[in-house]
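This report covers residue contacts, nonpolar cores and a surface patch. The sequence and structure come next.

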Amino acid sequence: MSLEVLKLVGAVAIFVVGFIGALVARRMTEQPGDGAALSIANCLAGGIFIAAGLIHVLPDSQSQLAVAFPSMSYPLFGLLATASFALMMLIDQVGHQASSKEQNSVVSAAVLFLVLSIHSIITGFALGIENQSVTAVALLIAVLAHKGTASFALALKVSPVSEKARQFLGRMIAFSLTTPVGVLLGLWLLDQLSGSKGPMMEGLFDALAAGTFLYVAIFEILSQEFRKHGHVNAKLVAMILGVTLMAVVALWT
């Protein structure tokens, strides 16, 4: 299977996983449980995203930007990752402040939709523009591990503010499509670029993706899951397992 076909198949799988996560959340709002398995899976995804960002994507950004700008000694990759991390935090905090002032759950749901959608598009773009097979597979694993739980978490926010099932399905289909759209845009741009522009764009979006990986893993996944009581050891093991998986994959990159 060629790398391009792998990415296209991955894009379809990401959409399916995201939409299934939304449907499961809709059903669980009607029949709620303790959510232990989902919390543990979330921590696994959080560990995968932290390690994917720091071990895979950020070093790839550094190497690609070094090719694009061989005379530059400034750590541009770190600046870009920090900027994307800060932007995600800014959007999240502004939205939460507006929500707390207005006591409006619609605002809270909209902010989470925006943050996760930006993250999903950038992540998909980074996957689409990646030209190393092993790194692309590592990114795809991380995205698949997270997309369902991210969609689930978003659906729990969206469901109460969606008066009709059609509204809920439309919003969740739109979110499920964000990462595949990013993948297709990345593939298109990779096909268009040549010379130093290819490494430059890949390095740019790898750095942005690394920042969003870290933000979502720390603030949207792990901090929320570890605030919940119960199954702390299992969550910790799941997080460490996610980091270990990405560390092992790095042996072949």
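Histidine 146 touches Ala45, Phe49, His119, Val216 and Ile221, leaving aside residues up to four places away in sequence. The model is a predicted one. Histidine 146 lies in helix H5. Its relative accessibility is 5%, so histidine 146 counts as buried, the cut-off for buried being under 20%. Between histidine 146 and aspartate 92 there are 19 Å from C-alpha to C-alpha, and the two are 54 residues apart in sequence.

Phe49 and His119 also appear among the contacts of phenylalanine 213. With residues up to four places away again not counted, phenylalanine 213 touches Ala52, Gly53, Val57, Thr123 and Leu139 as well.

The largest nonpolar core has 37 residues, and those touching the most other members are Val57, Leu127, Leu189, Met201, Phe213 and Met246. Two or more residues of this core come from each of the helices in the table.

| Helix | Residues |
|---|---|
| H1 | 3–30 |
| H2 | 36–68 |
| H3 | 76–102 |
| H4 | 105–129 |
| H5 | 133–158 |
| H6 | 165–192 |
| H7 | 197–227 |

H7 supplies the largest share of this core, eight residues. Another core, of 24 residues, lies apart from it; its members include Leu154, Phe168, Tyr215 and Ala238.

On the surface, Leu23, Leu169, Ile173, Leu177, Val181 and Leu185 make a nonpolar patch of about 440 Å². Helix H6 gives the most to this patch, five residues. Isoleucine 173 is found in helix H6, and because its relative accessibility is 33%, isoleucine 173 counts as partly exposed.

Conventions
Residues are numbered from 1 along each chain as its sequence is written. This is a predicted model: local features need pLDDT of at least 70, side-chain atom pairs count only at pLDDT 80 or more; totals for chains, interfaces and linings use all residues. Side-chain values use heavy atoms; hydrogens and water are left out. Patches are made of residues with over 30% relative accessible area and no salt bridge: like charges are joined within 9 Å, nonpolar side chains (Val, Leu, Ile, Met, Phe, Trp, Tyr) within 5 Å. Accessible areas come from the Shrake-Rupley method with a 1.4 Å probe; for residues, only the protein chains shown count as cover. A salt bridge is a side-chain nitrogen of Lys or Arg within 4 Å of a carboxyl oxygen of Asp or Glu. Helices (H or I, at least four residues) and strands (E, at least two) are DSSP runs, numbered from the N terminus. Buried means under 20% relative accessible area, exposed over 50%, partly exposed in between (1.4 Å probe, protein chains only). A nonpolar core is a set of buried Ala, Val, Leu, Ile, Met, Phe, Trp, Tyr and Cys residues joined through side-chain atoms within 4.5 Å. Contact means heavy atoms within 4.5 Å.
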